[in-house]
Structures are given as C-alpha cells and as structure tokens.
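User: I would like a close look at a single part of this model. Please keep it brisk and stay with what the coordinates show.

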Amino acid sequence: MTNKEISEKIVSIANEVIGVTLTEKESLQESGMDSLSLVTLVAEIEERFGFSFDDDDLQPENLKMLSDIVRITVKHI
C-alpha cells in the first residue's frame, strides 16, 4: 500500500466513523477532532490495518496532522 492509499483510507475511516473530513492542510484539531475522536480514530485504524500503535506514537506532539497518522501507520504495516 502506498502512503497515498493509506492516507485515503484514513480519511475515509475518519469520515465514516467520526464524521470529520481530514485534509493535508489542516491540523487534526482544525478539522474538528478532539481527544475522544482521536482515540476513536486510532482504535479503528488499529482494527482495520491489524496492528497496535506504540504508546510513544500516541503522544499528542506526534499526532497533529493527517500526515503524522499516515507516517505512524506506515511504520507498523
């Protein structure tokens, strides 16, 4: 899977599960995500891609943009 395909899948998951539209240009917070929706998104990504994020991956400073989530996901799959 390419980074672009992973990004598109994460955008789709966020839209389907949380009802937010993630873009490359806006931070997760600007897109309308809060800490609870981020936890929901992370859990859904883990389930659909079949891996678990490391605790270090889930630090707030590591999850500011869609590209951060894509980068961490690519690391695990």
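Leaving aside its neighbours within four places in sequence, which residues is Phe-53 in contact with? Please work outward from there.

Analyst: A caution to begin with: this is a predicted model.

Phe-53 touches Val-42, Ile-45, Glu-46, Leu-58, Ile-72, Thr-73 and His-76, once neighbours within four places in sequence are set aside. Phe-53 itself sits in the loop between α2 and α3. Its relative accessible area is 8%, under the 20% cut-off, so Phe-53 counts as buried. One of its contacts, Val-42, is eleven residues away along the chain. The C-alpha atoms of Phe-53 and Val-42 are 8.0 Å apart.

Phe-53 also has an aromatic partner. Phe-51 and Phe-53 pair edge-to-face. Their ring centres lie 4.9 Å apart, with 65 degrees between the planes. A search of the whole structure gives one aromatic pair. Both Phe-51 and Phe-53 are buried.

Next, Asp-57. This residue lies in the loop between α2 (35–49) and α3 (66–76). Asp-57 has a relative accessible area of 5%, so this residue too is buried. Its side chain makes a polar contact with the side chain of His-76, at 2.6 Å. His-76 is also on the contact list of Phe-53. Beyond four places in sequence, Asp-57 is in contact with Asn-62, Leu-63, Ile-72, Lys-75 and His-76. Ile-72 appears there, and Phe-53 touches Ile-72 as well.

Pro-60 gives the contrast. Pro-60 is in the loop between α2 and α3. Its relative accessibility is 59%, over the 50% cut-off, so Pro-60 is exposed. Ser-35 is 25 residues from Pro-60 along the chain, and their C-alpha atoms are separated by 9.1 Å.

Now the helix that follows the loop. In α3, the buried residues are Leu-66, Asp-68, Ile-69, Val-70, Ile-72 and Thr-73. Their cover includes α1 and α2. Ile-72 and Thr-73 are both touched by Phe-53.

Asp-68 deserves a separate look. Asp-68 lies in α3, and its relative accessibility is 15%, which places it among the buried residues. Asp-68 touches Asn-62 and Leu-63, not counting residues up to four places away in sequence. Asn-62 and Leu-63 are also in contact with Asp-57. From Asp-68 to Ser-27 the C-alpha distance is 9.9 Å, with their positions 41 residues apart in sequence.

The cover from α1 can be described further. The axes of α1 (residues 3–17) and α3 come within 10 Å and cross at roughly 120 degrees. The crossing is right-handed. From α1, Asn-3, Ile-6, Ser-7, Ile-10 and Val-11 make the contact. From α3, the residues are Leu-66, Ile-69, Val-70, Thr-73 and Val-74. By class, this contact has seven nonpolar, three polar and no charged residues. Among its α3 members, Thr-73 is also a contact of Phe-53.

One last detail comes from α2. Ser-37 is found in this helix. At 9% relative accessibility, Ser-37 is buried. A polar atom of the Ser-37 side chain lies 2.7 Å from the backbone nitrogen of Asp-34.

To return to the starting point: Phe-53 is a buried loop residue, paired edge-to-face with Phe-51. Its contacts include Ile-72, Thr-73 and His-76. Ile-72 and His-76 also contact Asp-57, while Thr-73 takes part in the contact of α1 with α3.

Technical notes: Residues are numbered from 1 along each chain as its sequence is written. This is a predicted model: local features need pLDDT of at least 70, side-chain atom pairs count only at pLDDT 80 or more; totals for chains, interfaces and linings use all residues. Side-chain values use heavy atoms; hydrogens and water are left out. Helices (H or I, at least four residues) and strands (E, at least two) are DSSP runs, numbered from the N terminus. Buried means under 20% relative accessible area, exposed over 50%, partly exposed in between (1.4 Å probe, protein chains only). A polar contact is a pair of N or O atoms within 3.5 Å; within protein, one must be able to donate a hydrogen and the other to accept it, and residues adjacent in sequence count only if both atoms are side-chain atoms. Contact means heavy atoms within 4.5 Å. Axes are lines fitted to C-alpha atoms, for helices over the stretch in contact, and angles run from 0 to 180 degrees between N-to-C directions. A crossing is left-handed if the near helix is turned anticlockwise from the far one by less than a right angle, and right-handed if clockwise. Ala, Val, Leu, Ile, Met, Phe, Trp, Tyr, Cys and Pro count as nonpolar, Asp, Glu, Lys and Arg as charged, and the others, Gly among them, as polar. Rings of Phe, Tyr and Trp (its six-membered ring) pair if their centres lie within 6.5 Å; planes under 30 degrees apart count as stacked, over 60 as edge-to-face and the rest as tilted.
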